[in-house]
Each structure stands twice: as structure tokens, then as C-alpha cells.
Amino acid sequence: MTGDQLEVGVGPWAGDPPADPRYDPQLLAEGDRRNVVDRYRYWRREAVVADLDLRRHDFHVAIENWQHDLNIGTVVRNANAFLAAEVHIVGRRRWNRRGAMVTDRYQHVRHHETIEEFAAWAGDRDLPVVGIDNLPGSRPLETTSLPRRCALLFGQEGPGLSEAARSACDQLFSIAQYGSTRSINAGVASGIAMHAWIRAHAGPPPA
């Protein structure tokens, strides 16, 4: 499914309800209209998160948030779709959750006050910080493979990665563009970069 299409959902459970504790009695009784794959129909939110935690990938996603960026919701939604380990919001704690389409309920989100704090967190875990921005010296994402363990870092809409963020990066990659625009937004860039990681390191999704 692409775009903002949502599943219609399913009605109340037909027949005797399952005894499995992963199922939510209210959803079983009233139906499940959440935007979740069929695998998780009628499951409690906590049970969905626990199951996702068993399969999360080795990459993290971070985005700077100095101007209340509207792209952050899309970044979180993409991170959920590609099963990132965590999303890191760097800067302002508050962000517009509307674009996440409630996927933040199933995605671990961590806040860092500064780039330096985030970089220290990543360094303590030997997690390379990989900046994604069309900057001089950036290597083309299309011609290389991202590290299996890494944190993909995206900048603010408009200015891109801040000077502090650039200094914190162990590697920098750019996304090729062919039209007249100077840049693509961070939400789109994050989806492209995450999918590049998926193509390099992930197996097929569960049935």
C-alpha cells in the first residue's frame, strides 16, 4: 500500500474469541480499524510492539528538529515501515505527530537535546553516524552500501544538516537528483535512504 490509503479495517471477531493474551478484548468485540497489517489485527498495541522488537533492524534514524519540522512525522512513518531500531529527535522535543499516522505508537522514539548528546550516545554504542545530504564531498548513495549498523542522520528542511551535525558524521552520502529542484524534503530522503539499507541488508518481510 502506498500514499495515504488506509485499510478499511475488520469488524468484530466472528465466533469464540481466541484465548491468546496478545489479542485485545475491546478490538475483538468492536472491530479493528487501525492501519496495521493483517498479521496484527486485533492485537494489543503492546503485543505488536513486542513482536516488532524481535525483528527490528540494525539501523537507527535521526533528524534535527530546530524549527518544528513537519517532515518528522513522515520520517517516523518510514522508520516504522522499514522497522528501524529507533528514531532519534535532535533538538526540540515537540514535533508534529500528524504525519506519522499513529505509527509512533509502534516505533521507539528517543529525544536528544543537542547533536553532541546524540553523537555521544551513538559513540558509546560504536554506531557510525551517516549523514544524508547533498553536500560537497558526499558519496553517491546509489553506488555504495550503507553500513549494517549505523544511524542515518537527516537535517532540517531547507538548510539541511547543521554544521554541528556535519561534524558529527562519520560518513556522508548524497541522493542523486535529475530535475530542476535543488533538494528533496527530509521525509522523502529518509525513505530512499532506509530502503537503500533494506536492499543491502534485509531479507524478505514476514508473510
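**Entry 1: strand β5 and the sheet**

I looked first at how β5 is held: 2 bridges join β5 to β7 (residues 171-174), and the two strands run parallel. Strands here are DSSP runs of E of at least two residues, helices are runs of H or I of at least four residues, and both are numbered from the N terminus. I count two strands as paired if DSSP finds at least two bridges between them. Pro140 stands opposite Ser174 in β7.

The model is predicted, and I therefore note that local features need pLDDT of at least 70, side-chain atom pairs count only at pLDDT 80 or more, and totals for chains, interfaces and linings use all residues. Residues are numbered from 1 along each chain as its sequence is written, and side-chain values use heavy atoms, with hydrogens and water left out.

I then traced the whole sheet. It is open, with 7 strands in the order β3-β2-β1-β6-β4-β7-β5 and parallel pairing. Its edge strands are β3 (109-112) and β5 (139-140), each of which pairs on one side only. Strands of a sheet pair through backbone hydrogen bonds, either parallel or antiparallel.

**Entry 2: strand β4**

I asked which residues of β4 are buried on each face. Val129 and Gly131 are buried on one side, and Val130 and Ile132 on the other. Buried means under 20% relative accessible area, exposed means over 50%, and partly exposed lies in between (1.4 Å probe, protein chains only). β4 pairs with β6 in the parallel sense over 3 bridges, and Val129 has Ala151 of β6 as its bridge partner. With β7, β4 also forms 3 bridges in the parallel sense; there, Ile132 stands opposite Phe173.

**Entry 3: helices α3 and α6**

I checked which strands each helix touches, where contact means heavy atoms within 4.5 Å. Helix α6 (residues 186-201) lies across β1, β4 (129-132) and β6 (150-154), and runs at about 160 degrees to β6. Axes are lines fitted to C-alpha atoms, for helices over the stretch in contact, and angles run from 0 to 180 degrees between N-to-C directions.

I next compared the helices with each other. The axes of α3 and α6 come within 8 Å and cross at roughly 20 degrees. That makes α3 roughly parallel to α6, a term for angles under 35 degrees (over 145 is roughly antiparallel, 65 to 115 roughly perpendicular, and the rest oblique). At this interface, Thr74, Val75, Asn78 and Ala79 in α3 meet Ala186, Gly187, Ser190, Gly191 and Met194 in α6.

**Entry 4: cysteines and His60**

I searched for disulfides, defined as pairs of cysteine sulfur atoms within 2.5 Å, and the count came to 0. Cys150 is in no disulfide, the nearest cysteine sulfur being that of Cys169, 11 Å away. Why does the sulfur of Cys169 form no bond? The closest cysteine sulfur, in Cys150, is 11 Å away, which is too far. Cys150 is buried, with a relative accessible area of 0%, and Cys169 also counts as buried, at 14%.

His60 lies in strand β1 and counts as buried at 12% relative accessibility. Not counting residues up to four places away in sequence, I found that His60 touches Ala85, Glu86, His88, Trp121, Leu127, Cys150, Ala151 and Leu152.

**Entry 5: Glu46**

I located Glu46 in helix α2 (residues 45-53). Is Glu46 buried or exposed? At 51% relative accessibility, Glu46 counts as exposed. Its C-alpha atom is separated by 18 Å from that of Ala100, 54 residues apart along the chain.
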